[in-house]
Each structure stands twice: as structure tokens, then as C-alpha cells.
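Reader: I am new to this structure. Please take one part and look at it closely, then show me how it sits in the rest.

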Amino acid sequence: MDIRLKALTRSIWAFHVSAGSCNNCDIEILDCFTPRFDVERFGIQLIGSVRHADALVITGAMNRKSVPRMKKIYEQAPKPCVVVAVGQCALSRHMFRYSYNCDEPLDKILPVDVYIPGCPPKPEAMIAGIMKLVDKVRSHK
Amino acid sequence: MKILFSYFIFPGFLFSAFVGLMAGWVDRKVTARLQWRHGPPWHQNFTDIIKLFGKETILPKDARSTFLVSPYLGLLGLVLAATILGQAIFFEADGFTADLIVLIYLMSIPAIALIIGASSAGNPLASVGASREMKLLLGYELPFILSVVTVIIKSHGVTRLSEILIRQAALGSNVFSLSGGIAFVVALLCMQAKLGFVPFDMAEADQEIMGGALIEYSGIPLAVFKLTKAVLLATVPLFLIVLFLGRNTGPFFLFVKFIMILTVAILIKNTNPRVRIDQALRFFWRRLTVFAIIALGLAVFGL
């Protein structure tokens, strides 16, 4: 197995993108870094600049204002970079499905690698989702 | 051949990078334990560096050519400093006259490289980070150099590291005299700023200016900056040990003293909030410089 890919799965730096969420998913993401869950055990860190990112953690229903910015942020991230959709809104637009302002779901805009459902998802669910992605990347070689 | 070996392998690049990355892990682990977390595994910093070498390097549209050159400049200068310091500690005969002064110059090169790199990135937040780093450099260099001068005066004008070590081996560590103690505390606080640890990390504030000076860096240049930080984390505590705690520099004592200085730095880091740049400057120029001058005066009177 490629050592770079192995290192990538052991040290994921996450960049948090909020595309118009209600803040619940954001709070639950921050919960992952608290003493009870502590994802730094797996080398996962929250970083400030998108140029350092390995994973874009996206929350919220995509509204018309945030879609072009989302595309721009994805282009700015250095590849290989995965996209993690967190929460029901990012997955399917949830209760904003018939809204005039939310045209298309996230996976029509960006290539999503992990879907984590829930409103909001539990931190356990997020850690399980990330670990499934890690296993998938490792078995894929 | 011997010069290349000592530059790239033993006291130089590989050795100091290894020590620095392990020290960085100690930092992360102790921070995690203080926050009641578990913390990363011991190879975490090595994994981060290897990962960054495999990532894409993005060149911003407005970047100038110094953007890609400056990380290597900083690392090369700093590794030279680590080599000179390691030669003085491990092979006493290899030092040269006034290597202490050369070392002071070489250890400020990483900060200058960071300023050059950030100001050629063409990003407003990066230039904010660069200007803060520049002000911080002006702030901490003055008391740091004054405390080094205190040591020079205490050893009767000798500017050769191995002679300073020999003198301390005969007469006891510098830190156990009045002027040496004050100068040591001043140098310890300046080290905190030199390493960019928390009360003085306003140049790379993640939550405030999104990584500041490093905001546009990705891939290999970012890995080189992380390596520079690691080598700095190995070099500056060793420098303080040579100047102030140099009575016994056998491997075991060296290790214990290194861990001690590192722990003090980590504890300061974890119990303080980030200060503003003007507060930092006031702290360095009005408080620490005064203390450093007092230490200097006491050293002149032989205390």
C-alpha cells in the first residue's frame, strides 16, 4: 500500500464549511473534539485554512448564495481531498426540499464521499462514518 | 564528507528534526492530557509530514517567486544553527570562536523566511500574519540578546559555546546565580515567542486569521515550514541548556533538562490566552527588557 495514502488516512485535517445550517450540526462537529470523543486520537484536526485541508466537512442545505462559494472552496483545497456531508440538510435538503432558495442537493454540486445522516448526527455517527471511509480507502489500495 | 554528515545526519537535519518532531508530540500529548483527552499516537507528527509531502502544492495567482523559495531558506539556515549547536555539545573540539553570535543570527532566519513567504503570498490575512511576526521579532530579540550578553559577561567575554560549557562545568550552572536566574527567566519567555507558542502565537492564530502567515501554503512548502518549526523546537531549548544549565551535558542530564524546559513551555502555553500584538510588545519592551538590563547590571558587578 502507498505510504502517502496510509499517512493520509492517519492524519486527516478537516475544514469546516457551513452552507447555511442551523448550527446544530456545527455544534455536534465541535463535540467530536471534546474530551469525551477526542478524534485527535486518529490524527483528525480542525484547521483554519482551506489550503491545509484533507476533508471538507459540509453542513447545511445549499442555498443559492452558498453554492458558488462552495464550488470555489472545493477548487481551492489541495487534492486528494474528500467531501463529508454531515446532517440531513446536506444529504437531501431535509425540510427545505420545496424551498424556493435551495435548488439542488450537495451531491449534485460536489462529489460526496461520506454521507452522515441525522438531525443533528451524533458524534459517534460522525466518527463511525469517517472510520468507514478510512477502511474503504485502505482496502481499495 | 564529515561536514556533510554532521550537517545532514547527526547533530544536523535528521537528528534535530527527529528530536523536534518527538518534542512536538510531547507537546500535543501533554496538552491533550491537561484537557482530559487521550491525545494522538507518538508517530502523529511524522505522519503529518509524510502526508503533506503527498499533497498537491497550490501556487496562488498573485504569489511572487519568493513564495516557494522562502521555506527552504528558513530550513537551511536553521539546520546550520542546529549543526553548530550540536557540534558544541557533542564534539567540544569542533567549535570556533564567536559561534554564539553566529547562532543568534541563524536562529532568527526562520522568522525572516516566514515574513518573506507570507508577504509574497498575495493574501491580506497572510500579510497581517507577516506584519505581526515582524513586530514580534522586533519585540523578543532585544531582551533575548540582552540575556545572552549577560551570559557572555558572566563568562568574562567568551563567545565560544564549548568554552562557556567548560566554564560552567568548573564553576556550576549560570542559572544558579542571581543575574543568571533573572536572565534565564527572560530567555525562557522569549523562547515562548520564538517558538510561536500560545501567549505569543498571534502570527499564526488559527481561530482569528485562519493560519495567518501560513494561510496560502499547501503540500511540500507547508511540510517544510512544519519541519522548520520542529527543528526550532529542538534547537532553542538546547541553546538555553548550553547557556544557562551547562554544568553536566551527558546524554541523560541533557534529556532531563530538555524535557524540563519543554514542560515549562507547554504549561505556559496551556494556561494562558493569546495576547494582542501591542500587549506582547509592551510586555517585551517595558517588562522583560527592564529585567534583562537589571540582570546585565548584576552580571557586571559579578553577582
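Author: Here is a close look at one helix pair, followed by the chains around it.

This is a predicted model, in which local features need pLDDT of at least 70, side-chain atom pairs count only at pLDDT 80 or more, and totals for chains, interfaces and linings use all residues. Residues are numbered from 1 along each chain as its sequence is written, while chains are lettered from A and ligands numbered from 1 in the order in which they are written.

Start with Ala292(B). Ala292(B) sits in helix α13 (residues 277–300) of chain B. Helices here are DSSP runs of H or I with at least four residues, strands are runs of E with at least two, and both are numbered from the N terminus. Ala292(B) counts as buried because 26 C-beta neighbours lie inside 10 Å. The cut-offs are 20 or more other C-beta atoms within 10 Å for buried, 12 or fewer for exposed, and partly exposed in between, with C-beta atoms placed from the backbone.

What does Ala292(B) touch, leaving aside its neighbours within four places in sequence? The partners are Pro143(B), Leu146(B), Ser147(B), Ala183(B) and Val186(B). Contact means that the C-beta atoms, placed from the backbone, lie within 7 Å. Phe184(B) is 108 residues from Ala292(B) in sequence, yet their C-alpha atoms are 9.3 Å apart in space.

Now the helix pair. Two packed helices are described by the angle between their axes and the distance between the axes. Helix α9 (residues 178–194) of chain B crosses α13(B) at roughly 150°, and the axes come within 8 Å. That makes α9(B) roughly antiparallel to α13(B). Axes are lines fitted to C-alpha atoms, for helices over the stretch in contact, and angles run from 0 to 180 degrees between N-to-C directions. Under 35 degrees is roughly parallel, over 145 roughly antiparallel, 65 to 115 roughly perpendicular, and the rest oblique.

The crossing of α9(B) and α13(B) is left-handed. In such a crossing the near helix is turned anticlockwise from the far one by less than a right angle; clockwise would be right-handed.

From α9(B), the contact draws on Leu178(B), Ser179(B), Ile182(B), Ala183(B), Val186(B) and Leu189(B). From α13(B) come Leu288(B), Phe291(B), Ala292(B), Ile294(B), Ala295(B), Leu298(B) and Ala299(B). By class, this contact has 12 nonpolar, one polar and no charged residues. Ala, Val, Leu, Ile, Met, Phe, Trp, Tyr, Cys and Pro count as nonpolar, Asp, Glu, Lys and Arg as charged, and the others, Gly among them, as polar.

Chain B holds another such pair. Helix α6 (residues 109–119) of chain B packs on helix α7 (residues 124–154) of chain B at about 155°, with axes 8 Å apart. That makes α6(B) roughly antiparallel to α7(B). This crossing, too, is left-handed. Among the residues in contact are Leu114(B) and Ala118(B) of α6(B), and Ala130(B) and Met134(B) of α7(B). The classes are eight nonpolar, three polar and one charged.

Step back to the whole chain. Chain B has 13 helices and zero strands. Of its 303 residues, 49% count as buried. Its C-alpha atoms fill a box of roughly 55 × 45 × 40 Å along the principal axes. Among contacts in chain B with a separation of 6 or more, 81% join residues 24 or more positions apart.

Chain B also touches chain A. The contact takes 26 residues from chain B and 18 residues from chain A. On the chain B side, α3 (44–53), α10 (206–209) and α11 (219–244) each give two or more residues. The largest share, five residues, comes from α3(B). By class, the chain B side has nine nonpolar, 10 polar and seven charged residues.

Chain A has five helices and five strands. From the N terminus on, they run α-β-α-β-β-α-β-α-β-α. Of the 141 residues of chain A, 41% count as buried.

Some backbone details in chain A end the tour. Most residues other than glycine have a negative phi, and most peptide bonds are trans. The bond from Lys79(A) to Pro80(A) is cis, with omega near 0°. Pro80(A) lies in the loop between α3 (66–76) and β4 (82–86) of chain A. Cys119(A) and Pro120(A) are also joined by a cis bond, with omega about -10°. Arg93(A) has a positive phi near 70°, and His94(A) a positive phi of about 50°. Arg93(A) counts as buried, with 20 C-beta neighbours inside 10 Å. His94(A) is partly exposed, with 17 other C-beta atoms within 10 Å.

Key:
Two residues are in contact if their C-beta atoms, placed from the backbone, lie within 7 Å.
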